[in-house]
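Could you walk me through this structure in the viewer, stop by stop? I would like to know what to select next and what is there.

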Amino acid sequence: MAILSTPRSAVQLASQGRPLKEHLFRIALLASLAIALAFLAMLLFYVVEEGWPRLNSVLWENQPSIRRPETSGIQSGIFGTLWIISLTALMALPTGILAAIYLEEYADRTKWYNKLIELNISNLAAVPSIVYGILGLGIIARWLQFGFTVMTGAVTISLLVLPIVIISAREAIRAVPPSIREGSLALGATQWQTIYRQVLPASIPGIATGSILALSRAIGEAAPFLMLGAATLVRFNPEGVWSSFTVLPLQIYSFISRPQEEFAILAAAAIVILLAILLLMNSVAIWLRNRYQKRW
């Protein structure tokens, strides 16, 4: 009597030879991650070591000076950066999220103008930041006559990060399972109630991640402000949206371009402060993201 053997499935046959390839691929990924982290650690170590002598209260309590680097501070740059990043978040994040909701939930993708909007958003995300500086100089600062003020800088940077916010928010909304929408609509909820109470809370982790990336790019930009003709030496803090200002990247650029070694140390210390502000912002956003991930 012949013994019938069970045929091996296609999955089992396809899995032959996979372990070696998977291990090699995993090793390549880990090696890439290790190289990136190693260079990041080297950069952070160099910056902290170089700027350590100036990491004291004088750094954030004093205004900048080009004559006395030993007592020069970066207070005006810190406040200017906080003003710009706060206004950018207020303008870019709600606008970008609402635009993403429209494109994903309401827009008819067969219409030519919706396709044109999506194409332009994708193209704008890849435009160099200096082009936005030219836009801000020609239209916002001169044509609208805003001048070089906090409002001009915030609007320019908001336009810069807006495409990133829209694209990331769309991806987060698209990742919400259709069953959540269908269940909400089946229970009698309207489309807006479904979006507001079900889709948006479920997509907050992804939206927060995109917002982190967008604001992280905004906080380190210097090219748009240089195109706007920003002053690198401002010895006062902004008092409102129509006040003149400077930002930390511009102050760092000004310090590092001077020949004295003391200014190089001051620039390294300012970089540490800029990274600390960035890490604090990201920590708050990550906390919010993780909180909503646990809920959903």
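## First stop: helix α11

Select α11, a mostly covered helix in which seven of the nine residues are buried. The buried residues are L248, P249, L250, Q251, I252, S254 and F255. Keep in mind throughout the tour that this is a predicted model.

Now add helix α4, residues 75-106, to the selection and keep α11, residues 248-256, in view. The two helices pack at an angle of about 150°, and their axes are 8 Å apart. To see what makes the contact, show the side chains of S76, G77, I78 and T81 on α4, together with L248, P249 and Q251 on α11. Coloured by residue class, this contact of α4 with α11 has three nonpolar residues, four polar ones and no charged ones.

## Second stop: T81

Stay on helix α4 and centre the view on T81. Is T81 buried or exposed? T81 is buried, because its relative accessible area is 3%, and the cut-off for buried is under 20%. Leaving aside residues up to four places away in sequence, T81 touches I219, T246, V247, L248 and P249. Two of the names in that list, L248 and P249, also belong to the α11 side of the helix contact.

For a sense of distance, draw a line from the C-alpha atom of T81 to that of L162. These two residues are 81 apart along the chain, and the line should read 18 Å.

## Third stop: E221

Next, select E221, in the loop between α9 (191-219) and α10 (223-227). With a relative accessible area of 12%, E221 is buried. Which residues does E221 touch, not counting those up to four places away in sequence? They are S129, I157, L160 and P249. P249 links this stop to the earlier ones: P249 is among the residues that T81 touches, and P249 is one of the buried residues of α11.

While you are here, pick V247 as well: E221 and V247 are 26 residues apart in sequence, with 9.2 Å between their C-alpha atoms.

## Fourth stop: two more loops

Move to Q145, in the loop between α6 (129-143) and α7 (150-174). Q145 counts as exposed, because its relative accessibility is 67%, and exposed means over 50%. Check the backbone too: phi of Q145 is near 60°, a positive value in a residue other than glycine. Most residues other than glycine have a negative phi.

Then go to A189, which sits in the loop between α8 (178-186) and α9. A189 counts as partly exposed, with a relative accessibility of 23%. Not counting residues up to four places away in sequence, A189 touches S184 and T194. A line from the C-alpha atom of A189 to that of I85 should read 37 Å, and these residues are 104 apart along the chain.

## Fifth stop: the annotated spans

For the next selection, turn to the UniProt record, an unreviewed entry. Its annotation "transmembrane region" covers residues 27-48, 78-103, 124-144, 150-169, 199-219 and 263-288. Start with residues 27-48, where the chain is 100% helix and 0% strand, and where the end C-alpha atoms are 31 Å apart. Then select residues 263-288, also 100% helix and 0% strand, with 38 Å between the end C-alpha atoms.

## Last stop: the whole chain

Zoom out and show the protein chain as a cartoon. How many helices and strands are there? You will find twelve helices and zero strands, so the element order from the N terminus on is α-α-α-α-α-α-α-α-α-α-α-α.

Rotate the C-alpha trace onto its principal axes, and it spans about 100 × 50 × 35 Å. The radius of gyration is 25 Å, whereas a compact globule of 296 residues would have one near 19 Å. Switch to a surface view: the accessible surface comes to about 17,600 Å², and 66% of it belongs to carbon and sulfur atoms. Of the 296 residues, 39% count as buried.

Finally, try a contact map. Among contacts with a separation of 6 or more, 74% come from residues 24 or more positions apart.

Key: Residues numbered from 1 in each chain as written. Predicted model: local features only at pLDDT ≥ 70, side-chain atom pairs only at ≥ 80, totals over all residues. Heavy atoms only, no water. Axes fitted to C-alpha atoms, helices over the stretch in contact; angles between N-to-C directions. Helix = DSSP H or I, 4+ residues; strand = E, 2+ residues; numbered from the N terminus. Contact = heavy atoms within 4.5 Å. Nonpolar A, V, L, I, M, F, W, Y, C, P; charged D, E, K, R; others polar. Rg over C-alpha atoms; globule rule 2.2 N^0.38 Å. Buried < 20%, exposed > 50% of the residue type's maximum accessible area, 1.4 Å probe, protein only. Areas by Shrake-Rupley, 256 points an atom, 1.4 Å probe, with all protein chains shown as cover. UniProt positions renumbered as here; feature names shortened; annotations may be inferred.
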